[in-house]
Amino acid sequence: MATNGHTLLPTSLVGSYAQPNWLLDRAKLAGRFPPRTRALELWRVDPEYLEEAQNDATLLAIRDQERAGLDIITDGEARRESYSNRFATALDGVDIDNPGTALDRSGHPNPVPRVVGPISRKHAVQVEDVKFLRANTDRRIKITVPGPFTMSQQAQNDHYKDEAELAMAYAAAVNAEIKDLFAAGADIVQVDEPYMQARPQKAEEYGIECLNAALDGVKGETALHICFGYAAIIHERPAGYSFLPQLSRSTVDSISIETAQSNLDCTVLEELPQKKIILGVLDLSDPNVESPQTVAKRIRRGLEHHPADKIIVAPDCGLKYLPRDVAFAKMKAMADGAAIVRAEL
């Protein structure tokens, strides 16, 4: 059952997979907000061996995804302390040794990169990650980058006249990175913009504009991840998205939507008829592993409001905070649930 040479209802992670305990101090990771500045104290491995260890953990993440039966493979973000800080702290114009402060989506102050000069990309940040991923799987591959709007909300602006100008500077850096990632062999590049959901008013003012700037002239399939925050940290889920129909104005190809934990009313999908939907069908707040039948039910709920050839099946969010055995079992249930629905179609 293939469309355009691809499987119908392909399965994919939203980005991260659970990192091994031997690589990262998961108790320390779980006890704090996702780091925005560097957090080298999280790594358990001697700096001399860290790259080798991260390569090994990436291979494990790739093989786990393949074993579970996923169609689109990510690198599991095994090299990252958080989804955004690896990229955000690699840019010029940022003083990472003297961090600033910004409020997190829960309203807590968090140390963040301090912008002290023009933001620019010194060098490609994740090209080697894509090459490693491409060399180690023959399936389609996806890599994720933090979005310009979200990075502008996770920084202290001591240089630009306002946040909108800062966000556009980040957009130029992200744009250059995305082009390099496609050139290095990525099939899909996903931009992570959780703060569009957390700060809808600002997203309305300049978020779509800076997202489109980040995608300007990009050739290749692009995705956007917005979310309500990691289930491990943000426990309450609103009934619906504060910022979704607006995304029909963006040039991105597919948009990820959480439906499992929030039990989302999927009629909202009808507001994005042109877009592919990355349908979140795994509830990451629940340590119990869904049955494939439960996953199938959640997929069917999305299919009532969106065509099957425009749906990609995924978890609600990253699997980073789940124990590895739970992460693997949920991922496998997701692939098996997608297979059930695929057979019905």
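**Entry 1: ground rules**

Before anything else I note what a helix is here: a DSSP run of H or I at least four residues long, with numbering from the N terminus. I also remind myself that this is a predicted model.

**Entry 2: the second largest cavity**

I looked up cavities of 30 Å³ or more, and the count comes to five. I picked the second largest cavity, which holds about 50 Å³ of space. Its lining is made of Tyr17, Ala18, Gln19, Pro20, Ala57, Leu60, Ala61, Gly76, Ala78 and Arg324. Sorted by class, I get seven nonpolar, two polar and one charged residues there. Which helix gives the most to this lining? I found that H2 does, with three residues.

**Entry 3: H2 against H10**

H2 had my attention, so I followed H2 (47-68) to its contact with H10 (residues 324-344). The two axes come within 8 Å, and they cross at roughly 35 degrees. I wrote down the crossing of H2 and H10 as right-handed. On the H2 side I see Leu60, Asp64, Gln65, Arg67 and Ala68, and they meet Arg324, Phe328, Met331, Lys332 and Ala335 of H10. By class this contact has five nonpolar, one polar and four charged residues. I spotted two names from the cavity entry again: Leu60 and Arg324 are in the cavity lining, and both also take part in the contact of H2 with H10.

**Entry 4: the largest pocket**

Next I turned to the largest pocket, with about 200 Å³ of space. I find 14 residues in its lining, and those nearest the centre are Arg38, Arg79, Glu81, Arg86 and Thr89. H2 turns up here too: H2 and helix H3 (85-88) each supply at least two residues of the lining. For the pocket lining as a whole I noted six nonpolar, three polar and five charged residues.

**Entry 5: a three-stranded sheet**

Last, I looked at an open sheet with the strand order E4-E5-E7 and mixed pairing. Why do E4 and E7 each have one side without a neighbour in the sheet? E4 (91-103) and E7 (156-157) stand at the edges and each has a single partner strand, so one side of each is left free of a neighbour in the sheet. E5 (residues 109-121) pairs with E7 in the parallel sense, over two bridges. I traced one partnership by residue: Val115 has Asn157 in E7 as its bridge partner. Helix H6 (residues 163-183) packs on this sheet and touches E4, E5 and E7. I jotted down about 70 degrees between the direction of H6 and that of E5.

Notes
Residues numbered from 1 in each chain as written. Predicted model: local features only at pLDDT ≥ 70, side-chain atom pairs only at ≥ 80, totals over all residues. Heavy atoms only, no water. Pairing = 2+ DSSP bridges. Contact = heavy atoms within 4.5 Å. Axes fitted to C-alpha atoms, helices over the stretch in contact; angles between N-to-C directions. 1 Å grid on protein atoms, 1.4 Å probe; cavity = no way out; pocket = protein on both sides within 12 Å on 5 of 7 lines; lining within 4 Å. Points joined across faces, edges and corners; volume = space filled by probe spheres on them. Nonpolar A, V, L, I, M, F, W, Y, C, P; charged D, E, K, R; others polar. Left-handed = near helix turned anticlockwise from the far one by under 90°.
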